[in-house]
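Here are some short exercises to try with the model open in your viewer. Work through each task first, then compare your steps with the solution below it.

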Amino acid sequence: MKEWSKEIEIQAPIDTVWGLLNGSLEEMQRIMPQVVDHQPVKVTNEGVGSIYRQKYREGKRVEEYDVETLEYQNTPDQKKLKVGFTLAKMFEITAMYELTAINKHKTLFKYTCTNKPLKAFLKLFLFLASDKIVVQFCERVKKVAEEEYKNSKVLIR
């Protein structure tokens with residue numbers, strides 16, 4: 001199994017960032033444009049155990065898999081969402097999004113991703129993998145959240 005983690009400060013309130021990670025399909029697509037569908041299969045009151053059927057476009061191919069919520073926390077100053085899924089019967093993947101309010105206008109975002117190959121021949125590919133995707137994802141979340149926050153301040157004035 002391989003794990004990557006990245007932290008980044010975002011100049012936006014915690015709820016603005018959380019909406020991108022735990023909101024509607026439209027919000028999710030702003031930071032994960034390859035996700036083309038996200039439908040509830042089972043939703044629990046506490047979040048943990050909820051399952052969503054997700055479709056992900058990779059080139060011309062669309063993969064479908066069930067995403068299960070493994071951890072969920074939603075307090076004013078701390079938010080956490082950890083999901084897990086099996087991709088193409090080849091990889092077990094988890095993604096954890098952790099948000100901490102630094103102040104009313106700034107959030108610390110930590111993204112941790114794990115990838116476990118389910119077939120022996122895939123271990124070499126994973127050995128060679130870098131954290132580039134994790135870094136790019138964090139930068140995309142930062143850019144979208146900061147733009148949204150900036151635009152919301154302009155609209156309020």
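**Exercise 1.** Decide whether N115 is buried or exposed.

*Solution.* Begin with the cut-offs: buried means under 20% relative accessible area, exposed over 50%, and partly exposed in between, with a 1.4 Å probe and protein chains only. N115 has 13% relative accessibility, so N115 counts as buried.

Before going on, note that this is a predicted model, in which local features need pLDDT of at least 70 and side-chain atom pairs count only at pLDDT 80 or more, while totals for chains, interfaces and linings use all residues. Residues are numbered from 1 along each chain as its sequence is written, and side-chain values use heavy atoms, with hydrogens and water left out.

Next, place the residue: N115 sits in strand β7, residues 106-117. (Helices, H or I with at least four residues, and strands, E with at least two, are DSSP runs numbered from the N terminus.) Finally, list its contacts, meaning heavy atoms within 4.5 Å. Setting aside residues up to four places away in sequence, N115 touches M1, K2, W4, F91, E92, I93 and L126.

**Exercise 2.** Work out the strand order of the sheet, and find which strands stand at the edges.

*Solution.* Count two strands as paired if DSSP finds at least two bridges between them. Following the pairs gives an open, antiparallel sheet of 7 strands, ordered β1-β7-β6-β5-β4-β3-β2. The edges are β1 (2-10) and β2 (35-42); each has a single partner strand, so one side of each is left without a neighbour in the sheet. From one strand to the next, the twist averages 20° (axes are lines fitted to C-alpha atoms, for helices over the stretch in contact, and angles run from 0 to 180 degrees between N-to-C directions).

Now zoom in on one edge. β2 pairs with β3 (residues 51-58) in the antiparallel sense over 6 bridges, and K42 stands opposite I51 in β3.

**Exercise 3.** Find the residues with the most contacts inside the largest nonpolar core.

*Solution.* Take buried Ala, Val, Leu, Ile, Met, Phe, Trp, Tyr and Cys residues and join them through side-chain atoms within 4.5 Å. The largest such core has 36 residues, and Y97, F109, Y111 and F137 have the most contacts inside it. Elements that give two or more residues to this core include β1, β7 and α4 (132-156). Of the contributors, α4 gives the most, with 7 residues. To check one of the four, look at F137: leaving aside neighbours within four places in sequence, F137 is in contact with L21, I31, M32, Y97, F109 and Y111.

**Exercise 4.** For the salt bridges K106 to E9 and D15 to K79, identify which elements they tie together.

*Solution.* Search for a side-chain nitrogen of Lys or Arg within 4 Å of a carboxyl oxygen of Asp or Glu. The structure holds 10 of these salt bridges.

- K106 and E9 have their closest N and O atoms 3.6 Å apart. K106 lies in β7 and E9 in β1, so the pair ties together parts that are 97 residues apart in sequence.
- D15 and K79 meet at 3.4 Å, N to O. D15 lies in helix α1 and K79 in β5, so this pair ties together parts 64 residues apart in sequence. D15 is exposed, with a relative accessible area of 52%, whereas K79 counts as buried at 4%.
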